[in-house]
Every structure is written in structure tokens, then in C-alpha cells.
Amino acid sequence: MEEQPVHKKLDKRERKNLILLICILLTFTVMNGTMFNVAIPDIAEEFNLLPSQVSWVMTGYILVFAIGSLMYGKLADLFPIKTLLTAGIILFASGAALGLFSPNYSTLLAARVLQAMGGASIPALSFIIPARFMPGERGKVFGIVSSTVAFASGLGPIMGGLVGGAFNWRFLFIFSVLSLIALPFLRRWLPEEEKRQTGKVDILGAVLIAITISAFLLFVTSLNFIALIAAAVAGVLSAWRMYTYEDPFIDPAMLKNVYYAFTILTSFLGTIAMFGMIFVVPIMARDIYSLSTVEIGLLLFPGAMAAGIIGQFGGKLIDRHGSYPVVQFAFLFVVAGSFLVSTFIGVPPWIISLCILVQYIAFPLIQSSTANILTQVIPEKRTGVGIGLFNLLNFLAGAIASAVFGAILDLQNVTLLLNPIAQNGSSTIYANLFIGLSILAVFTLFLFRTIFRNFAEKHK
């Protein structure tokens with residue numbers, strides 16, 4: 001039997017420092033995403049882009065982020081976390097420096113890709129750190145991590161609105177450059193690790209998966225059938241590589257664990273709903289309400305801040321009642337929030353902000369509860385790759401949501417209203433998108449309850 005890795009036991013002060021470090025790093029990373037969500041209308045206007053085109057500012061970033069999150073998860077089973085995070089932060093800040101001076105759309109996309117290559121290390125390793133160094137406080141720390149994500153996502157729109165409105169959206173990159181401030185704390189507070197497992201990373205497998213996903217998303221946004229053929233061919237080659245290579249990028253054996261497979265599927269579908277809302281709201285706010293960049297930030301801010309507060313209690317709820325009821329509770333909020341937004345589009349923006357709040361608070365609960373389930377269903381020696389795949393699918397969900405919803409928003413003259421009590425007219429397409437998110441959440445909740453009924457009984 002393979003020997004389990006042994007880690008240094010941390011005292012109370014060391015644990016607090018480590019949690020603080022995670023929160024600092026996540027704040028920089030998450031703000032980077034939500035600030036640019038608010039700036040999407042400005043970027044589209046400056047470069048004269050359609051919604052499907054400007055969606056690649058987020059889609060391209062999230063796509064590389066998704067692949068990178070699994071890559072860093074696998075590397076964490078081979079190399080010290082301190083080394084990986086150091087390299088990741090340097091890449092992240094370098095991409096931001098390029099984006100700050102980007103003169104055109106191509107340079108902007110290149111900067112976002114470089115940012116993603118480094119930034120992917122932060123959330124990927126932030127979920128591995130508690131599992132590796134603080135196993136007795138996983139639920140609590142996952143709750144803090146998830147609430148930090150929610151808090152930063154609420155701070156991001158405000159900062160993005162203020163900076164983008166007063167200056168230019170390029171100045172948003174300055175916040176990512178400031179992530180370098182965390183480096184000396186990282187080098188001091190992260191524990192030293194002994195040499196980890198021997199092995200190698202399947203670079204070819206990672207490239208094939210990246211081509212598959214990229215080509216598919218290109219087809220979704222442009223209806224380019226050559227891209228669809230490329231996605232199919234790369235997908236077949238990815239599957240072949242997965243089942244024939246000794247140590248594939250995605251280990252198919254992991255997916256044979258039913259509880260693990262459906263946990264990451266639950267999180268994947270929930271993240272589609274959340275990223276779909278975050279992507280659509282700024283475009284809807286500019287189109288329907290003619291809100292400024294600052295006002296769009298204020299529209300999202302209450303929900304994100306409420307999510308940050310709720311997330312602080314999420315870990316305690318998980319430790320006290322288990323992850324199973326928390327997941328169900330969270331998806332009920334997604335259903336209700338999406339339905340309310342769909343119904344009330346066109347009413348005063350402050351009412352929409354309250355509807356967004358209902359959906360937003362589900363995000364940290366879904367993230368912390370599903371992450372905690374993963375630590376129960378996978379062995380400790382596979383934590384890196386297990387959580388890496390979890391992060392891969394979460395960020396892939398964001399890329400799919402941005403690409404698909406961007407393509408849908410390109411449609412004109414939508415007259416069929418799926419929500420019978422919503423207002424018809426120019427807001428029809430947005431009402432349909434949000435009722436679709438509500439239906440997706442209902443389906444995910446039903447699937448989770450069906451699969452995890454026995455799991456809940458075993459882990460009471």
C-alpha cells in the first residue's frame with residue numbers, strides 16, 4: 001500500500017497566518033475577475049465588439065484558468081506548494097503589467113491568458129492548503145475561503161466601477177500587479193514540505209483537452225463547424241490518451257467513484273448558474289437600465305457582500321449539520337433568485353439588486369459544501385488531483401456560461417417569453433436566460449438528492 005504523505009502539525013498562530021495568506025491571495029484573484037465583468041460593456045464599446053466576441057475576455061481567461069487549476073493540482077502532488085504559488089503569482093502579475101499597456105484587443109487577450117496561467121495557481125492551491133495542512137478544520141476553513149471569494153467578488157465590481165468610470169478599464173490591471181505584495185508573506189508562512197511523490201505531468205493530455213474545450217467554445221460563439229470538427233477529433237484523442245497513458249492528465253479511475261463524479265457535476269452545474277448571472281447582469285444593466293460602470297458595480301455589490309457574510313457561517317453549518325443539507329439549501333436560493341430576476345427585469349434597479357442578492361448568497365455555500373464532500377470521498381494522497389479536477393470543471397463552467405450566454409445575447413427579435421409572469425418586450429431575452437438558470441438549478445438539486453441520499457445517511 002502506498003504510504004500517505006506526512007505533514008507538519010501547525011500551531012494556532014501558524015494556522016491563522018496561513019488562512020490570512022489564502023484570503024489575501026484569493027482577494028486579488030477574484031477581484032481580477034469581477035472587476036472585468038463590470039468593464040465588459042466598456043471594452044466592447046472601445047473595440048466595437050459583439051457580446052459573443054467580448055465574452056472571450058472572460059472565456060479565454062477562464063478557459064486557461066480551468067486547465068491551469070487541474071495542472072497545478074497535479075503539480076501539488078509532486079512539488080511543494082510554496083514553489084508553485086511563487087511562480088504562479090509572478091506570472092499573474094506579469095500578465096497584468098502587459099494588460100495595463102494593451103493598445104488593442106489582441107494584446108488584451110494575450111495579457112489575460114498570461115494572467116490566467118499564473119492566477120490559476122491561487123484558487124487551486126488555496127483549496128488544497130486546508131486539506132493538506134489543516135485537516136481537522138476543513139469545514140471551517142472552506143467556509144472562510146468561500147466567503148472570501150464572495151467578499152472579493154463584491155468588492156471587485158465597486159472597485160472596477162470606480163476605477164473604470166474615473167479613469168480607464170486598463171487601470172484595473174494595477175490591482176493584479178499588487179498581488180506581488182503577498183510574496184514575502186507566502187515565503188515566510190507556508191510550511192516547508194518534504195519531497196513528494198515521484199511522477200510526471202501529462203502535457204500532451206493537457207494540450208488535447210485544452211484544444212477540445214477551446215474549439216468547442218469557438219463553435220458555440222461563432223458557429224464555425226471546422227471548430228466543431230476540431231473539437232470532436234481532439235476529444236477522441238483526449239479519451240484515447242486518457243485510457244492508454246500510464247499517468248494521464250485526467251485519471252478516469254477518479255470518475256469511477258460515483259460520489260466524487262456527482263459532487264463535481266453538482267458544483268459544475270451550480271457554477272454555470274452563478275457565472276451565468278454574473279456575466280449577464282452587467283450587459284443587461286447597460287442595455288435595459290443604461291447604468292454606468294459605477295452603477296453596475298453598485299447593483300452587484302449588496303448580493304456579493306451578503307454572500308461574504310453568509311459564507312462565514314457556511315463552514316459552521318457544514319461542521320454542525322454536514323454538507324448534504326447545505327448543498328440543497330444553497331440550490332433553493334439559486335432557484336428562487338434566478339426566478340425573481342427573470343420576473344422583475346424592468347422594475348427599478350434596486351429591486352433587481354435584491355433579487356440578485358438571493359441568488360448570490362448560494363455561491364459560497366455551494367463551493368464550501370461540495371469541496372468538503374470531496375475531502376470525504378477521495379484519499380489524502382489524491383487530494384491535489386481530486387480538487388484540481390474540481391476546480392477545472394468549476395472554471396470550465398464559467399467559460400461555458402460566458403460563451404453560451406454571449407452567443408445567445410447576439411440573437412435579435414426574441415419574442416417567445418418562457419416566464420409567463422415576466423414583462424415582455426426588450427427584456428424578453430434576459431428573462432428567458434434567468435428562467436433557464438432557475439430550471440437548471442431545479443434539475444441539479446433533483447440529481448444531487450437522488451445520488452446522495454445514501455451518502456447522507458452514512459455521514460450523519
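Begin by selecting helices α14 and α16 in this predicted model, because these two helices run roughly antiparallel to each other, an angle over 145 degrees being counted that way. The angle at which helix α14, residues 323-344, packs against α16 is about 150°, and their axes lie 9 Å apart. If you turn the view until one helix lies over the other, the crossing to look for between α14 and α16 is a left-handed one.

Next, show the side chains where these two helices meet. On the α14 side the residues to display include Ser-323, Val-326, Val-327, Phe-329 and Ala-330, while on the α16 side they include Ala-362, Leu-365, Ile-366, Ser-369 and Thr-370.

Stay with α16, which covers residues 362-377, and select Gln-367, which lies in this helix. Gln-367 is buried, since its relative accessible area is 9% and the cut-off for buried is under 20%. Now add Phe-268 to the selection: although Gln-367 and Phe-268 are 99 residues apart along the chain, their C-alpha atoms are separated by 10.0 Å.

The next stop is helix α3, so select residues 56-75. This helix has 20 residues and reaches 27 Å from its first C-alpha to its last, which is close to the 28 Å expected at 1.5 Å a residue. Of the 20 residues of α3, 19 are buried, and the helix is therefore largely enclosed by the rest of the structure.

Keep α3 displayed and add helix α5, residues 105-119, which packs against α3 at an angle of about 25° with the two axes 8 Å apart. Because an angle under 35 degrees counts as roughly parallel, α3 and α5 are described as roughly parallel to each other. Their contact is made by residues of α3 that include Trp-56, Val-57, Met-58, Tyr-61 and Tyr-72, together with residues of α5 that include Tyr-105, Leu-108, Leu-109, Arg-112 and Gly-119. The crossing of α3 and α5 is right-handed.

For the last stop, leave the helices and select Ser-179, which is found in the loop between α8, residues 173-177, and α9, residues 183-189. Is Ser-179 buried or exposed? Ser-179 is buried, because its relative accessible area is 1%, under the 20% cut-off. With residues up to four places away in sequence left out of the count, Ser-179 touches Phe-28, Ile-89, Phe-92 and Ala-93, so these four are worth displaying around it. Finally, show the backbone of Ser-176, whose oxygen lies 2.6 Å from a polar atom of the side chain of Ser-179.

Methods:
Residues numbered from 1 in each chain as written. Predicted model: local features only at pLDDT ≥ 70, side-chain atom pairs only at ≥ 80, totals over all residues. Heavy atoms only, no water. Helix = DSSP H or I, 4+ residues; strand = E, 2+ residues; numbered from the N terminus. Buried < 20%, exposed > 50% of the residue type's maximum accessible area, 1.4 Å probe, protein only. Polar contact = N/O pair within 3.5 Å; in protein donor to acceptor, adjacent residues only side chain to side chain. Contact = heavy atoms within 4.5 Å. Expected span 1.5 Å × (residues − 1). Axes fitted to C-alpha atoms, helices over the stretch in contact; angles between N-to-C directions. Parallel < 35°, antiparallel > 145°, perpendicular 65-115°, else oblique. Left-handed = near helix turned anticlockwise from the far one by under 90°.
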